[in-house]
Amino acid sequence: MDYIQKGTSAFHKANWALFLAGFITFANLYVTQPLLPTFSEAFHVSPAVASLSLSVTTFALAVSLIIVSSLSEAWGRKSLMTISIFAASVLTLALAFSPNFETILVLRVVQGIVFAGLPAIAMAYLGEEMEPASLGVAMGLYISGNSVGGLSGRVIIGTLTDHYNWHTGMIVLGGISLLVSLLFVWMLPSSKHFSARPLQLKALTKTLLQHLRDPSMLCLYGMGFLLMGSFVTLYNYIGFKLMAPPYNLSATIVGWIFVIYLVGTFSSAWFGSLADRFGRQRMLLLAIAIMLAGAIVTLNGLLTLKIIGITVFTFGFFAAHSIASGWVSKRASHDKAQASSLYLFFYYFGSSVGGTVGGLFWMKYGWMGVIAMIALFLFIACVLSFLLKRFIVRQRITT
């Protein structure tokens, strides 16, 4: 059937292209995260309100994923992904000229909508084009691009904000993103296993409901919500913690802390491969346990241990997300784009809810409150993983 196989030229091109697309998406998606303390001070808003510059984007992204992934069934994968990354790059340039916080929020909502053209479609592309034995590695490499993009966007904006201002950072990042978008178009192979279908909203709604009626898929969607809610909460408010006494770190140093994302580049690919060999549930539980251990270590007041804790937490998160997202593609026997979009809907909805609610815990209980909320999320994720295993066994018996 001419699927893309590991070790071939097509495999390398496809993975590099989607790595770059993930880079663009996540560099621009999280570009405001290290700016939350700056926005809070410059626009005289609370930390929870400043976090809306990220939360409104992820919420718009979550809602739009359902629509855009359905459009991709009729319009094709590569064309929509191309439109998405180019539009996102232009909007980052527009953000640089925002005169007030309200304008930032409006542009970030629009940006959230156009971001939807990549994540679910990229996952569906991999599920359709990669041979099953290579899917875990390919999904891990794609998510590695997400981690590198998230890291680079934060480092660029943090450093340039400290030396110039946040407007300059937006211009530089937007320009880089436009150049990388051109590489994506050139490198990504065209789909060979995608067949366009007429856009039928009634049929698409039916398939979405079928995914939602599958209890095993609901468990995976719930885990996406909880994992991302935990991750964004920690990174949203660590900047407030480290830029305040007794640490008093600069925006540049806080931005460079996101270099920790590089461990996600390794863990997502590694755990994706391990899940193919040793079982998804076992490796997923291990990844969640690693996240919890890292979160607890950040409670220590020593800066070095706090950084180590963030590193361990990040390692576990990208490993868990790689396994869960790959599991969705494997479980979906039909309409993979819809299945992936639903996972990412809950994933980014978790980002919106966790990122904003975490601000309330931060303002009332400090860092201890933030970690308590994360621990609760991760405990529920573990429960869902056991339920998932039970549902899969039950489905095998009945079929």
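These legends go with a set of close-up views of a predicted model.

**View 1. The heart of the largest nonpolar core.** This core takes in 128 residues. Which residues have the most contacts inside it? They are L18, Y142, F271 and Y348. Helix α16 hands over the largest share of the core, 18 residues. Take a look at Y142 while you're here: once you set aside its neighbours within four places in sequence, Y142 is in contact with L18, G22, L118, P119, A122, M123 and L126. So L18 turns up twice, as a partner of Y142 and as one of the residues with the most contacts inside a nonpolar core, where the members are buried and joined through side-chain atoms.

**View 2. T314 and its surroundings.** T314 is part of helix α15, which covers residues 303–331. Is T314 buried or exposed? It's buried, with a relative accessible area of 0%. Skipping anything within four places in sequence, the residues in contact with T314 are F231, Y235, I260, Y261, V263 and S267. One of those contacts, Y235, also has company on its ring: R154 lies over the face of Y235, 5.9 Å from the ring centre.

**View 3. L151 meets a stretch from far along the chain.** L151 sits in helix α8 (residues 132–163) and is buried, at 7% relative accessible area. How many residues separate L151 and Y261 in sequence? The answer is 110, yet their C-alpha atoms are 5.5 Å apart in space. Leaving out residues up to four places away in sequence, L151 touches F258, V259, Y261 and L262. Y261 is also among the contacts of T314, which links this view to the one before.

**View 4. Two aromatic pairs, each within a helix.** The structure holds 28 aromatic pairs, and here are two of them. W16 and F19 make an edge-to-face pair, with 5.5 Å from centre to centre and 70° between the planes. The two are three residues apart in helix α1 (residues 9–29), so about one helical turn separates them. F19 counts as buried at 19% relative accessibility, because the cut-off for buried is under 20%. Now for the other pair: the ring centres of F361 and Y365 are 6.1 Å apart and the planes are at 45°, so this one is tilted. F361 and Y365 are four residues apart in helix α16 (residues 336–398), again about one turn of the helix. At 28% relative accessibility F361 is partly exposed, while Y365 is exposed at 52%.

**View 5. A cluster of rings.** Which residues do ring pairs link into a cluster? They are F59, Y221, F225, F345, F346, F349 and F377.

**View 6. The one salt bridge.** The count for the model comes to one salt bridge. The partners are R77 and E128, and their closest N and O atoms are 2.3 Å apart. R77 belongs to helix α5 (residues 77–95) and E128 to helix α7 (residues 119–129), so the pair ties together parts that are 51 residues apart in sequence. Are these two buried or exposed? Both R77 and E128 are buried.

**View 7. Cysteines without a partner.** The disulfide count is zero. Why is there no bond between C219 and C382? The sulfur of C219 has its closest cysteine sulfur in C382, but at 13 Å that is too far for a bond. Looking from the other end, C382 likewise finds its closest cysteine sulfur in C219, at 13 Å. C219 is buried, with a relative accessible area of 4%, whereas C382 is partly exposed at 23%.

**View 8. Backbone details in the loops.** P245 and P246 are joined by a cis peptide bond, with omega at about 5°. P246 falls in the loop between α11 (215–243) and α12 (251–256). N248 lies in the loop between α11 and α12 as well, and N248 has a positive phi of about 55° although it isn't a glycine. Where does H44 lie? You'll find H44 in the loop between α2 (36–42) and α3 (47–50). H44 isn't a glycine either, but has a positive phi of about 55°. H44 is exposed, with a relative accessible area of 71%.

Note on methods:
Residues numbered from 1 in each chain as written. Predicted model: local features only at pLDDT ≥ 70, side-chain atom pairs only at ≥ 80, totals over all residues. Heavy atoms only, no water. Buried < 20%, exposed > 50% of the residue type's maximum accessible area, 1.4 Å probe, protein only. Contact = heavy atoms within 4.5 Å. Phe/Tyr/Trp six-rings, centres within 6.5 Å; stacked < 30°, edge-to-face > 60°. Lys NZ or Arg CZ within 6 Å of the ring centre and 35° of its normal. Core = buried A, V, L, I, M, F, W, Y, C linked by side-chain atoms within 4.5 Å. Salt bridge = Lys/Arg side-chain N within 4 Å of Asp/Glu carboxyl O. Disulfide = S-S within 2.5 Å.
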